Amino acid sequence: MIADLPPGLILILGAFLVPLLRGWTRNIYMVALPIVGLASVLAIPDGNHFAFRLFDYGLVPVRVDSLSTVFGIIFHVAAILSVIYAFHIRDTVQQTAGLVYAGAAIGGVFAGDLITLFIYWELTAIASVFLIWASRTERSYRSGMRYLVIQVGSGVLLFAGALVHYAETGSILFDKMGLNGTGTVLIFIAFGIKCAFPLLHNWLQDSYPEATITGTVFLSAFTTKLAVYALARGFPGTEMLIWIGALMTAFPIFYAVIENDLRRVLAYSLNNQLGFMVVGIGIGTELALNGTAAHAFSHILYKALLFMSMGAVLLRAGTIKGSELGGLYKSMPWTTGFCIVGAASISAFPLFSGFISKSLILSAAAHEGHWITWGILLFASAGVFHHSGIKIPYFAFFAHDSGIRCREAPWNMLLAMGVTAALCIGIGVWPQPLYGLLPYTVDFTPYTTTHVITQLQLLMFSALAFGFLMRTGLYPPEVKSTNIDFDVVYRKLLPWLWNRLIIEFCGGIWAGILGSSRRRIERFIERLYRHHGPYGILARTWPTGSTVLWVGVMLGGLLLIYYL
Amino acid sequence: MSEPSPDEKAYWLDNPKNVAKVFWSVVGTCVILFVADAFYHKHVELEAESWFGFYGIYGFVACVALVLAAKELRKILMRGEDYYDR
């Protein structure tokens with residue numbers, strides 16, 4: 001029975017049949033795979049499955065519990081929605097890669113040991129890079145290469161960490177580890193790269209906006225949330241994560257405000273949302289971990305919805321630059337509406353999904369007395385409304401009319417956006433089913449008078465700030481630009497240093513070798529010249545008389561010796 | 001993708017007066033929400049939360065500070081669109 005396969009493998013193995021199918025059968029098959037996968041995840045009982053021994057390692061390819069199940073479910077839902085959104089695509093590479101990528105991420109969240117995790121970890125990297133390269137531009141090729149190097153590097157660190165951890169503890173199982181020992185530090189850094197920790201984050205903003213329209217929707221769901229899951233599994237309650245997460249929520253929003261490429265704005269805001277989840281893991285209480293899982297769940301949906309709406313704009317208007325867009329609500333009213341639902345959800349408006357998940361994390365931070373962190377998260381919440389909630393819909397669909405008139409998005413994109421938007425509202429209005437999936441029992445009521453009014457105050461005053469800045473002309477205009485981020489280190493500084501190294505250092509050595517050998521050759525030639533040159537001692541002409549004299553001397557000498 | 005046709009219907013938001021109406025309705029909502037703090041008992045975890053209108057003021061100040069700071073950051077961070085292609 002196909003459902004007896006380990007979760008994830010259904011999608012990975014099934015993906016290889018995609019090239020054999022054509023037209024509608026291919027679409028139906030592609031959407032059926034994650035549906036079957038989802039059914040198998042719901043059917044599989046808790047516990048370890050398929051365990052076996054490989055050399056000395058006891059491997060557990062599938063471990064099912066409430067934490068892996070909640071991620072497993074949302075990954076399948078994301079795969080279904082992303083496939084529907086990509087129905088109009090006829091690109092076998094993208095379609096196969098998308099399914100393998102989703103399957104690898106699903107396999108990763110059910111991995112019970114570090115070796116299995118490593119295999120799926122690398123597979124997500126390798127499969128997903130094709131979604132970037134599928135743009136088939138020079139930029140996407142280069143960006144994909146950087147992405148691949150960083151992602152595979154993260155996997156290598158994970159593998160090294162796993163082996164060191166095994167040597168230190170004798171266990172290869174993927175459970176709560178905490179930061180103790182070299183092995184766990186390596187694993188922590190590996191997770192941190194994929195989770196886009198500050199300074200390790202630029203692969204995200206670099207590559208996601210270069211991927212294809214449909215590829216970015218896939219990408220937004222899996223890689224980083226696999227990392228969030230891995231952190232929640234391995235490092236809950238690691239205090240350092242509170243600070244890392246708080247920093248992650250805050251600094252990307254400054255970039256999001258001044259960024260012109262609206263898909264890159266979303267990539268920065270994705271980074272900011274990950275920060276909330278990382279803070280939840282760092283706090284590590286039941287409330288906080290529930291918050292992380294719930295926020296990952298609702299975040300995958302609204303972030304996909306936002307990327308879908310911006311993808312539709314890119315498809316129809318041909319650009320995604322804020323400086324060139326505006327007034328598209330006239331041409332794309334449905335897309336506008338769905339985008340606003342996504343914007344309201346990410347901003348955590350009451351009755352939308354972000355509200356019922358983010359408030360768990362903020363409450364946990366306040367409850368544990370992390371008031372500085374809480375203040376940063378509140379700042380970031382206002383900020384996220386500012387750039388994702390207002391900026392994205394405003395500059396794409398409203399602002400000044402750019403004069404662009406285009407068709408509404410294709411029906412399959414509208415369907416995917418519609419279903420996703422319905423889920424965002426559904427979760428916000430009726431959070432109990434999601435709360436029921438969470439790892440711990442939820443003792444939390446999101447809809448209290450205090451929560452609703454304070455949240456509305458925060459958001460409406462943020463909107464007021466936007467209106468105020470717009471009307472006074474203080475708001476920075478959208479301009480065509482690149483904003484340098486930390487990636488300038490490896491995209492400009494290091495190549496420059498390398499070139500200097502080659503030119504200055506190696507060039508110096510080369511010049512030295514060249515100079516000294518030239519001097520030696522010159523000296524040799526000089527010596528040769530001294531002896532054999534026109535004035536050299538061996539080139540002089542001697543008079544015959546002196547030769548006869550010397551012969552006489554020689555013969556006389558010989559006679560003398562003979563005589564003696 | 002095409003240009004707007006001259007006989008295209010005028011939309012509600014095309015009129016600047018209506019855009020102003022949207023702004024002033026946001027102002028009105030903010031006033032109502034600010035005053036609302038007087039009419040219910042706040043359940044709070046931290047002291048700051050209990051201050052009157054805390055969330056509203058915090059949100060407004062945070063956003064204005066965010067945008068103005070980001071605007072200043074442009075002076076340091078902004079480069080040409082082809083910066084990495086050169």
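In strand 1 of chain B, B:Arg79 is the bridge partner of A:Thr482. That pairing opens a short set of exercises on this predicted model.

**Exercise 1. In which sense do strand 5 of chain A and strand 1 of chain B pair, and over how many bridges?**

Start from the bridge between A:Thr482 and B:Arg79. Next, look at the two strands as a pair: strand 5 of chain A and strand 1 of chain B, residues 78-79, run in the antiparallel sense over 2 bridges.

**Exercise 2. Work out which elements of chain A build its side of the contact with chain B, and which one gives the most.**

Step one is to count residues: chain A brings 49 to the contact and chain B brings 41. Step two is to list the elements of chain A that supply at least two residues each: helix 11 (240-258), helix 13 (286-317), helix 15 (353-367), helix 16 (371-397), helix 19 (449-471) and strand 5 (482-483). Step three is to rank them, and helix 19 of chain A gives the most, with 18 residues. Lastly, sort this side of chain A by class: 28 residues are nonpolar, 15 are polar and 6 are charged.

**Exercise 3. Check the span of helix 19 of chain A against its number of residues.**

With 23 residues at 1.5 Å a residue, helix 19 of chain A should span 33 Å. Now compare the end C-alpha atoms, which are 32 Å apart, so the two values agree. Just after this helix, look for A:Gly473, which takes a positive phi of about 75°.

**Exercise 4. How do chain B and chain A each compare with the globule rule?**

Take chain B, which has 2 helices and 1 strand, in the order α-α-β from the N terminus. Its radius of gyration is 21 Å, well over the 12 Å that the rule gives for 86 residues, so chain B is more spread out than a compact globule. Buried residues make up 15% of chain B.

Turn to chain A, with its 21 helices and 5 strands. Here the radius of gyration is 33 Å, well over the 24 Å that the rule gives for 564 residues, so chain A too is more spread out than a compact globule. The C-alpha atoms of chain A fill a box of roughly 135 × 65 × 55 Å along the principal axes, and 54% of the residues of chain A count as buried.

**Exercise 5. How far apart do the C-alpha centres of domain 1 and domain 2 of chain A lie?**

First find the bounds: domain 1 covers 236-479 and domain 2 covers 490-563. Then take the C-alpha centres of these two domains, which lie 79 Å apart.

Key:
Residues are numbered from 1 along each chain as its sequence is written. Chains are lettered from A and ligands numbered from 1 in the order in which they are written. This is a predicted model: local features need pLDDT of at least 70, side-chain atom pairs count only at pLDDT 80 or more; totals for chains, interfaces and linings use all residues. Two residues are in contact if their C-beta atoms, placed from the backbone, lie within 7 Å. Helices (H or I, at least four residues) and strands (E, at least two) are DSSP runs, numbered from the N terminus. Ala, Val, Leu, Ile, Met, Phe, Trp, Tyr, Cys and Pro count as nonpolar, Asp, Glu, Lys and Arg as charged, and the others, Gly among them, as polar. Two strands pair if DSSP finds at least two bridges between them. The expected span of a helix is 1.5 Å times one less than its number of residues. Domain bounds come from an automatic or database domain assignment. The radius of gyration is taken over C-alpha atoms; the globule rule is 2.2 Å times the number of residues to the power 0.38. A residue is buried if 20 or more other C-beta atoms lie within 10 Å of its own, exposed if 12 or fewer, and partly exposed in between; C-beta atoms are placed from the backbone.
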